[in-house]
Structures are given as structure tokens and as C-alpha cells.
Amino acid sequence: MLSVKLKTLLAVVEQHNFTKAAQQLALTQPAVSHHISQLEQEFGVTLFVRGKGGLKLTTEGEIVVQYARRMAALYDRLQQDLANAEKQITKLRIGITHTAESNLTTEVLAKCSGESSGFSITILTDTINNLYTMLENYEIDLAIVEGHTNSHGMNSLVLDTDYLVCVMSNSNPLARNTMITLDQLKRERMILRLPTSATRILFDSTLRSLNDAPDNYNVAIEVDNIATIKDLVRKNLGVSVLPKSACVKELRKGKLIALPIENLSMVRETRIVYNKDFAHKQILQEITRVYQETLKTYL
């Protein structure tokens with residue numbers, strides 16, 4: 001069980017204030033201060049410093065909070081797993097990226113849950129870095145992400161191999177082509193993911209590898225939501241660069257056109273990432289099987 005002192009620490013971090021943390025925990029403000037002081041004495045570090053914006057964690061404080069969150073998640077998972085074992089059910093929390101949310105992944109997970117009795121899934125959508133943090137803290141069981149895993153403490157398996165394409169409306173004159181050149185792309189109004197997204201990072205870095213630069217292109221709109229980008233492109237308000245897997249439904253229905261971009265090889269893998277002690281390996285096989293079967297229906 002997580003100690004009351006660590007619970008107090010997490011409440012202070014959440015509320016950014018001792019008094020508000022005390023109200024949340026139904027404690028007095030001096031009691032909260034005493035718990036933090038006890039932790040600082042126990043670990044021999046200073047956890048917080050006061051700045052203009054209020055309380056700020058020290059470097060050592062961030063480390064303690066990281067482990068406190070991990071211990072809290074593990075204790076919650078222990079209780080959940082014991083309850084699930086008694087009911088003979090399996091509940092998984094699966095984190096996915098915004099790109100995975102727009103491709104076949106959610107459909108596949110829904111099918112897996114529907115086909116297996118006693119198996120349920122909670123899906124969380126977040127950035128790759130946040131998903132890795134949640135995995136490390138055991139806040140989620142699996143993460144479905146794009147690219148190579150950047151954590152040595154994780155296992156992973158390839159779910160699919162994908163690549164970026166130029167996506168455009170059927171009304172765009174270039175839609176009749178079999179490819180698009182970089183010179184043609186420079187003359188198009190572009191609607192792209194945010195610069196921090198994996199899709200955008202891959203596109204920008206590939207351009208730079210050819211001694212080109214994103215600034216040479218007419219990036220009119222930057223949007224985090226892939227569904228919004230596809231809607232704007234479908235209305236012929238610009239073109240975009242997206243993973244082909246994120247557009248398979250629209251491509252099959254003829255709502256969008258996807259063209260390869262000359263001289264740009266932007267291949268990446270979609271992977272299931274999990275901790276080495278993940279106990280339900282058969283579920284990984286099931287997700288992979290259903291994904292491949294679902295993919296065939298869109299080809």
C-alpha cells in the first residue's frame with residue numbers, strides 16, 4: 001500500500017499548493033507540510049523550491065514523484081489483477097498514439113475484445129513520450145506506437161510496416177498523377193501535423209536529409225488531430241503528408257487520393273510495446289492476427 005506521505009506528495013504535485021492538497025486529502029495544512037518534511041528527511045533531499053509561479057519540484061523531487069507514481073500504479077494494478085483473477089476476466093489498458101487512433105487500431109482492439117469472453121480493453125490516446133512514461137510506471141499494459149522503441153527496458157513486436165504519402169482531394173488536379181514531385185508539393189497549400197508529432201518529425205528530417213527544409217514549403221495550417229486534417233483535405237483546402245494506414249478507409253471508399261512523393265522514402269513501423277514482465281503474451285498474438293485479417297479487408 002502506498003504510504004500516506006507519498007500520497008500527500010502526489011496530491012501536492014497535482015494541486016501545486018499545500019493548502020489545496022490538504023483540502024483534497026481532508027488533512028490540515030501543517031499535516032501536509034509535516035509529511036513533505038518527513039520525506040525530505042527520509043531521503044535526504046529537498047523536494048520543492050518556491051518560485052514565482054509557486055511550488056516547483058527539484059530534480060531530486062521529480063525522481064521521487066516518478067517512483068511514487070509508479071508505486072501507486074503498481075498497487076492499483078495489484079488490486080485490479082486480484083479482482084480480475086477472482087472474476088476470471090482480463091482487463092487491459094492500452095495506450096495508442098493519435099495516428100493509431102485514426103487507422104485500424106481501434107477497430108482491431110474492439111474486435112479482439114468482442115471475440116474473447118472475459119477480455120476487456122480501456123484505450124488511452126496520448127503522445128509517444130507520454131505513453132512510454134505510462135508504460136514505465138505500469139499505468140498502461142501496452143502501447144501501440146509508430147517507429148522504433150526508444151526504451152531499453154521494453155519488449156516490442158512489429159504490428160505493421162507503414163509509410164508516409166501525400167494525401168489530397170479527388171478534386172486536386174494532381175490527383176490524376178501516379179506520384180508527386182517535391183517541386184509540385186512546394187506549390188501546394190499544406191495542412192500538416194504539429195512539428196512535435198512523429199509523422200511531422202519523419203517528414204521534416206527526410207527533407208533535411210536531401211538538403212531541403214520544411215520552410216521551403218507552404219505550410220498553411222498545423223493541426224494535431226488527423227481526422228480534422230483528412231476532413232480539410234477532402235474539402236480540397238490543402239494537401240497533407242500522412243501515414244497511409246491512417247487513410248485506408250477513405251482511400252478504399254475513394255474519398256481521398258494518396259500519392260508517393262518522389263525521392264522521399266518515409267517508411268516506419270507500427271509496434272506493440274510492453275514491459276518485459278507482461279503476462280498475457282497470447283493477447284499480443286491475438287491483436288496481431290486480428291490486425292492482419294482486418295487489414296486485408298481494406299486492400
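I'll start with a helix pair. In this predicted model, helix H2, residues 18–25, packs against helix H3, residues 29–43, at an angle of about 105°, and their axes are 8 Å apart. That angle makes H2 roughly perpendicular to H3, because values from 65 to 115 degrees are put in that class. On the H2 side, the contact is made by Phe18, Thr19, Ala21 and Ala22. H3 brings Gln29, Val32, Ser33 and Ile36. Sorted by class, the contact of H2 with H3 has five nonpolar residues, three polar ones and no charged ones.

Next, the cores. The largest nonpolar core has 23 residues. Which of them touch the most other members? They are Ile94, Leu142, Ile144, Ile272 and Ile287. Five elements give two or more residues to this core: strand S3 (90–96), helix H6 (105–115), strand S5 (142–146), strand S11 (267–275) and helix H12 (281–298). H12 gives the most, with seven residues.

Take Ile144 from that list. Neighbours within four places in sequence are left aside here. Isoleucine 144 is then in contact with Ile94, Gly95, Ile96, Thr97 and Ala100, with Thr105, Leu109 and Leu159, and with Thr270, Arg271 and Ile272. Two of these partners, Ile94 and Ile272, were named a moment ago among the residues that touch the most other core members.

Apart from this core lies another one, of 21 residues. Its members include Ala21, Val32, Leu55 and Leu57. Ala21 and Val32 also take part in the contact between H2 and H3.

One loop residue. Threonine 58 lies between strand S2 (54–57) and helix H4 (59–87). Is Threonine 58 buried or exposed? Its relative accessible area is 12%, so it is buried, the cut-off being under 20%. Again leaving aside neighbours within four places in sequence, threonine 58 is in contact with Thr46, Leu47, Phe48 and Val49.

Now the whole chain. There are twelve helices and eleven strands. The C-alpha atoms fill a box of roughly 70 × 50 × 30 Å along the principal axes. Of the 299 residues, 44% count as buried. Among contacts with a separation of 6 or more, 72% are between residues 24 or more positions apart.

Last, confidence. The mean pLDDT of the chain is 88, and 95% of its residues reach 70 or more. By element, helix H5, residues 98–102, has the lowest mean, at 80, and strand S7, residues 189–192, has the highest, at 97. Where pLDDT is low, predicted coordinates should not be read in detail.

Definitions and conventions
Residues are numbered from 1 along each chain as its sequence is written. This is a predicted model: local features need pLDDT of at least 70, side-chain atom pairs count only at pLDDT 80 or more; totals for chains, interfaces and linings use all residues. Side-chain values use heavy atoms; hydrogens and water are left out. Axes are lines fitted to C-alpha atoms, for helices over the stretch in contact, and angles run from 0 to 180 degrees between N-to-C directions. Helices (H or I, at least four residues) and strands (E, at least two) are DSSP runs, numbered from the N terminus. Angles under 35 degrees count as roughly parallel, over 145 as roughly antiparallel, 65 to 115 as roughly perpendicular and the rest as oblique. Contact means heavy atoms within 4.5 Å. Ala, Val, Leu, Ile, Met, Phe, Trp, Tyr, Cys and Pro count as nonpolar, Asp, Glu, Lys and Arg as charged, and the others, Gly among them, as polar. A nonpolar core is a set of buried Ala, Val, Leu, Ile, Met, Phe, Trp, Tyr and Cys residues joined through side-chain atoms within 4.5 Å. Buried means under 20% relative accessible area, exposed over 50%, partly exposed in between (1.4 Å probe, protein chains only). pLDDT is the predictor's confidence in each residue, from 0 to 100.
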